[in-house]
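The following exercises concern a predicted model. Work through each task with the structure in view before reading its solution.

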Amino acid sequence: MPDAARPSKRDEARRETERTILAAAEKVFAEAGFGGATMQLIADMAGLPKANLHYYFPTKEALYRRVVGEIFEIWLQAAEALDQAQCPVEGIGAYIDAKMEISRRHPFGSKVWASEVMHGAPVIQDYLETTLRDWTEGRAAAIRRWIANGQMQPVDPHHLLYMLWATTQHYADFGHQIETLNGGRPLSDEDWASATRSVKEIILRGVGAL
């Protein structure tokens, strides 16, 4: 008797097609923006008929919101280590590790988010006013706790979070600039490791946690 909990081949194929669409949409939205992107461009990038794209995502906005939601969810998951940490070295350090890895593996998703926010968040303002605001207040509370315990210097938690976002996401959003300054070459594994160590040391020393 087949295992009811095991996904069928049809389900697996559906998920694979969806992943292909989302990867293509990330790239197209990052390069063309919401206004410049079309479902036909995304279908061509995914190597699928446009009708297949509309089967999974009826509208461009639905697909765009899914792309934005995916990168946002990945960022939220990155903060789990921060939430569970007993000290800023452990928590902020793990958060930087995770955010740098996300910038490395999901540069297009980060660029989509950045472009959307720079244009006044016309599609995702509800994310900013609800989920992001609540998430930020929760992380700020953890930072205030470490400050109260004498584990780091008193700093404004919001500005520290903005600095963490700006620094780690810079490696995705300004990847071309970084490659140019790296002799026209993408960062190697060693380069990424070195960058991550540097970011952690600079920030943790700056807040007096080291």
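**Exercise 1.** Determine how the residues lining the largest pocket divide into nonpolar, polar and charged, and which elements give two or more residues to that lining.

*Solution.* Step one is the division by class: the lining of the largest pocket has 18 nonpolar, five polar and four charged residues. Step two is the total, since the pocket is lined by 27 residues. Trp113, Ala114, Val117, Trp165 and Gln169 lie nearest the centre of the pocket. Step three assigns the lining to elements: two or more residues come from each of α1 (9-36), α4 (60-78), α6 (88-105), α7 (107-118), α8 (125-148) and α9 (157-173). The volume of this pocket is about 610 Å³.

**Exercise 2.** Establish how α4 and α6 are oriented to each other, and identify the residues that make their contact.

*Solution.* Two packed helices are described by the distance between their axes and the angle between them. Here the axes of α4 and α6 come within 9 Å and cross at roughly 155°. Angles over 145 degrees count as roughly antiparallel, and α4 and α6 are therefore roughly antiparallel to each other. The crossing in which α4 passes α6 is right-handed. From α4, the contact involves Ile71, Ile74, Trp75 and Ala78, and from α6, Tyr95, Ala98, Lys99 and Ile102. By class, this contact has seven nonpolar residues, no polar residues and one charged residue.

**Exercise 3.** State how many helices and strands the protein chain has, and give the dimensions of the box its C-alpha atoms fill.

*Solution.* Counting the elements gives 11 helices and zero strands. Along the principal axes, the C-alpha atoms fill a box of roughly 60 × 50 × 35 Å.

Key: Residues are numbered from 1 along each chain as its sequence is written. This is a predicted model: local features need pLDDT of at least 70, side-chain atom pairs count only at pLDDT 80 or more; totals for chains, interfaces and linings use all residues. Side-chain values use heavy atoms; hydrogens and water are left out. On a 1 Å grid over the protein atoms alone, a cavity is a set of points where a 1.4 Å probe fits but cannot get out, and a pocket is an open set with protein on both sides within 12 Å along at least five of seven lines; lining residues have an atom within 4 Å of a point. Grid points are joined across faces, edges and corners, and a volume is the space filled by probe spheres set on the points. Helices (H or I, at least four residues) and strands (E, at least two) are DSSP runs, numbered from the N terminus. Ala, Val, Leu, Ile, Met, Phe, Trp, Tyr, Cys and Pro count as nonpolar, Asp, Glu, Lys and Arg as charged, and the others, Gly among them, as polar. Axes are lines fitted to C-alpha atoms, for helices over the stretch in contact, and angles run from 0 to 180 degrees between N-to-C directions. Angles under 35 degrees count as roughly parallel, over 145 as roughly antiparallel, 65 to 115 as roughly perpendicular and the rest as oblique. A crossing is left-handed if the near helix is turned anticlockwise from the far one by less than a right angle, and right-handed if clockwise. Contact means heavy atoms within 4.5 Å.
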